[in-house]
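Got the model open? Let's talk through its salt bridges and one of its helices.

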Amino acid sequence: MIGAMLLILGCAPKSKPPLRMGITPWPGYEFLYLAQEKGFFQDEGVDVRVVQFSVYDDAQLALERGQIDGLGATSIEVLLTKSMSGGPLQIIWAVDSSEGADVILTRAGIVDVAGLRGARIGVNRQPLAIYFLARALEKHGLKLTDVKTVAMAPDTYEDAFRKGELDAVVTYPPTSTKLLRGAGAHRVFSSAEIPGEIVDVFAVNAETGAKRSGEVVKMLRALRRALDYTAANPTEAHRIMAAREGITTEEFAGALVNGLRILPAAEQADFLRAGGRLEVGIDRADALLRGSGQLVGADRRKGIVNPALAEAAARP
């Protein structure tokens with residue numbers, strides 16, 4: 001009898017591990033969390049675990065170690081990660097376009113980018129922050145060597161800024177929301193001045209996309225439901241997502257319309273297709289990063305965007 005039971009147990013199918021998606025604090029990524037909270041993953045028949053990280057570098061390391069299967073990132077971060085590590089990372093969904101959400105905030109007395117010469121500027125460890133700062137300086141006749149960058153984690157910006165340890169910070173919601181709320185911060189540059197260059201995406205390990213494509217498609221369908229739920233129930237959806245960001249419902253709602261455009265399912269095909277808006281932006285970033293020496297080595301842009309999974313998720 002015991003032998004028979006062991007044989008039965010040995011033949012029982014092993015349960016699949018959950019899809020593990022890493023996200024950092026950013027309003028656009030919270031729709032994945034909303035899908036989890038509203039039970040949309042369960043409704044679609046897929047097990048997804050949303051894993052929180054404070055900075056992209058930590059999420060990237062977890063991905064390289066096999067501790068997560070995908071993550072939220074900007075297309076520039078995916079480009080840099082794929083180019084530097086050679087990792088098989090593929091973009092499967094365009095989350096949002098930053099049209100003013102990414103900002104450089106300064107203390108009183110610095111009224112424009114030109115005034116940043118010699119300034120102490122807080123930047124996180126993400127390559128995107130340096131890229132964004134370099135673009136801002138370039139547009140106003142300065143270089144990175146004209147400022148003093150101070151590397152620190154985003155969650156330490158607010159305290160350092162209030163104490164006068166920094167003259168400026170490169171940041172985004174929810175940190176920018178908190179600083180503008182009452183820290184005497186002044187906005188001197190935003191991503192609105194470089195339209196189309198910063199797009200947030202969800203990306204997965206290429207092996208995950210190939211071997212677990214059905215689950216990834218179900219995850220994206222649940223994400224679509226989260227977007228639809230927000231459109232129909234904005235106050236409740238914003239309340240749930242704002243709580244995790246540590247800002248008010250009103251502030252979260254404002255972040256979604258002031259400088260950030262969430263990209264609906266209907267626009268995924270245009271963004272992700274070969275030669276589409278996302279690839280054009282990636283090509284532009286690749287040229288700029290190589291020209292400034294921030295990106296070297298082999299060109300690994302081929303296969304960086306996989307539109308097939310989003311296309312499948314868009315079907316009824």
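Here come a few questions and answers.

This is a predicted model, where local features need pLDDT of at least 70, side-chain atom pairs count only at pLDDT 80 or more, and totals for chains, interfaces and linings use all residues. Residues are numbered from 1 along each chain as its sequence is written, and side-chain values use heavy atoms, leaving out hydrogens and water.

Q: How far apart are the end C-alpha atoms of helix α10?
A: Helices here are DSSP runs of H or I with at least four residues, and strands are E runs of at least two, numbered from the N terminus. The expected span is 1.5 Å times one less than the number of residues. For the 20 residues of α10 (213–232) that gives 28 Å, which agrees with the model's 29 Å.

Q: Which residue forms a salt bridge with D43?
A: A salt bridge puts a side-chain nitrogen of Lys or Arg within 4 Å of a carboxyl oxygen of Asp or Glu. D43 sits in helix α3 (residues 40–44) and its partner in α10, so the pair ties together parts 182 residues apart in sequence. With the closest N and O atoms 3.3 Å apart, the partner is R225.

Q: Is D167 buried or exposed?
A: Buried means under 20% relative accessible area, exposed over 50%, and partly exposed in between (1.4 Å probe, protein chains only). D167 meets R120 in a salt bridge at 3.0 Å, N to O. At a relative accessible area of 18%, D167 is buried.
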